Amino acid sequence: MSGKVIDEKTEEPIIFATVRIKGKAKGVITNMDGSFKIPSFFKKEGDTLLISSMGYVSTPIALSDVVYDKVNIIRLKPNIVTLNEVVVRANKKRGIRRNLSARTIVEMAIKNLSKNLSQNPYSYVGYYRDYQIKDGNYVNLNEAILKVVDQGFYAKDFETSKIKIFDYKKNTDFQRDTLGAIAYDYKSKKKVISNAFLKGYGGNEFVILRIHDPVRNRNVNTFDFVNVFEYDFVDNHSFQKEGEMVFNDDLFYKVSLKNLEPNSGFQVAGSLYVNKSSFAIKKFDYIINYPKRKTKKNKSSNETLLDIKLEYMEKDNLMYLNYHSMRNGFEVALPPEFYVEEALINFNKACFVLTFNNELGEKEVFRKSNYKLRYKGKRIKIRKLVVLGKEVLLYADGDKRASKLMFETLKPKYRDSEIDSELLKIVVKNVEDVNGNIVYEKKFSSRMQFREFFVQQLETKNTTVPTDSLVMKKDFPIFENQPIVKPDNFGDYWMNTPLQPIKN
């Protein structure tokens, strides 16, 4: 069964709304276009969906009213109830404090992490995916059902949490793009994040996602500007109260933030939603943008370096992960449009022949300094060059006897394809084709990388920490030779595959 959650007034999709099956602690989070999927067997049980999102009135939907053969549109009303009309669920031990500064609210939220997060082991099962956006389309969509066993507040997540993979797949219904799928490579620059470095953790994108949860990883260095959330976050930002919001009869402060280093070259913006009674962090949104710069059309452009969206849910007065999304921009090097297609030696003419893939332009092709020959590491001057269509013939200068000896030495190795760069090296630069492309010019394509995890079921009691070897290897890609462990109730979980196509 498919649905789409939208704003009743604007009809815009509501992203990351929680869709839970009432009374069963199972559900999903809506996609970028507000869509979601629920297995049809829940309808047979006569269940009800409860759909909620910060800033909207929680809405129950009887599954008996949901139809199979279309996308069911569900409209949520913005929560415009005034505070004096709300019955607030207050915590008797802590009460509600008023007139606190934005900075104090954030300090209290951090101070109360140990009270609001579970100190005991717990587990949750969820739907994980990573994908990229290229030209407005999903590409390289990978999906999995994962179980995370977290050993609690005082245990270091990366070292102690155990993850089991119930199922995974590389979704071939969406385009696969080999250029974007390679690992980050800062040596050859084939795939990089501009002006930033992201540790690869062996290509394990789920591990990368979890490390970028500063609430769970409060005492380790997560990412720039947030740094160590427990100690650095308050000092690195300025804060401002943006009013109060109601969610499920609780009151929340909304606190906006920005970085205190305007000259750092980056612009930071975000917000925290903090429970007014318990100071529990409900939501954490954080975005780092590159500075504004002029585009070719002379318009200002703001490009995203990193965008974190994090939401926690309450159970038994404690907060547990509900969803976590991370996106970052990156660039992949495109194959050069103009290059040397073949390099040969013409022994009859005693010259080197370079064949290019495109017709040559006239601007730089005749400049001898654009070609460099090295034989046994020694520079050899070029006496003459001849251009014939796509070919450039290079004639070496110097002693005729030495030149003859060079070609005699190269001939048997050339025949046996044993010439390496230490013996003979030819470098070409600045040469252009008829279209103005420079030889081996590096061009990049910008993409967006997403990693997302949505909790479908949470278990807070009687959690057993796995001791077997059938757990995910954290320094290895999720989708390559990892152990798969399907439980008996595997049918209770599902992949909330996004709908095609998407909008911007």
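pLDDT is the predictor's confidence in each residue, from 0 to 100. Color this predicted model by it: the protein averages 88, and 91% of its residues reach 70 or more. Local features here need pLDDT of at least 70 and side-chain atom pairs 80 or more, while totals for chains, interfaces and linings use all residues. Numbering runs from 1 along each chain as its sequence is written, and side-chain values use heavy atoms, without hydrogens or water.

Now select 82-88, where pLDDT stays under 50; the model gives this stretch nine contacts (heavy atoms within 4.5 Å) beyond four places in sequence. Hop to 294-301, also below 50, with eight contacts beyond near neighbours in sequence. Where pLDDT is low, don't read the predicted coordinates in detail.

Next, the insides. A cavity is a set of points on a 1 Å grid over the protein atoms alone where a 1.4 Å probe fits but cannot get out; lining residues have an atom within 4 Å of a point. The whole structure has five cavities of 30 Å³ or more.

For the largest, about 110 Å³ (the space filled by probe spheres set on the points), select Y122, Y124, D150, F206, L209, R210, D213, R216, Y312, L321, H324 and F453. Which helix gives the largest share of this lining? Show α6 (a DSSP run of H or I, at least four residues): three residues come from there.

Finish at the second largest cavity, about 80 Å³. Its lining includes L117, S118, F153, R218 and M319. Keep Y122, R216 and Y312 on screen, as they line this cavity and the largest one.

How values were computed:
On a 1 Å grid over the protein atoms alone, a cavity is a set of points where a 1.4 Å probe fits but cannot get out, and a pocket is an open set with protein on both sides within 12 Å along at least five of seven lines; lining residues have an atom within 4 Å of a point. Helices (H or I, at least four residues) and strands (E, at least two) are DSSP runs, numbered from the N terminus.
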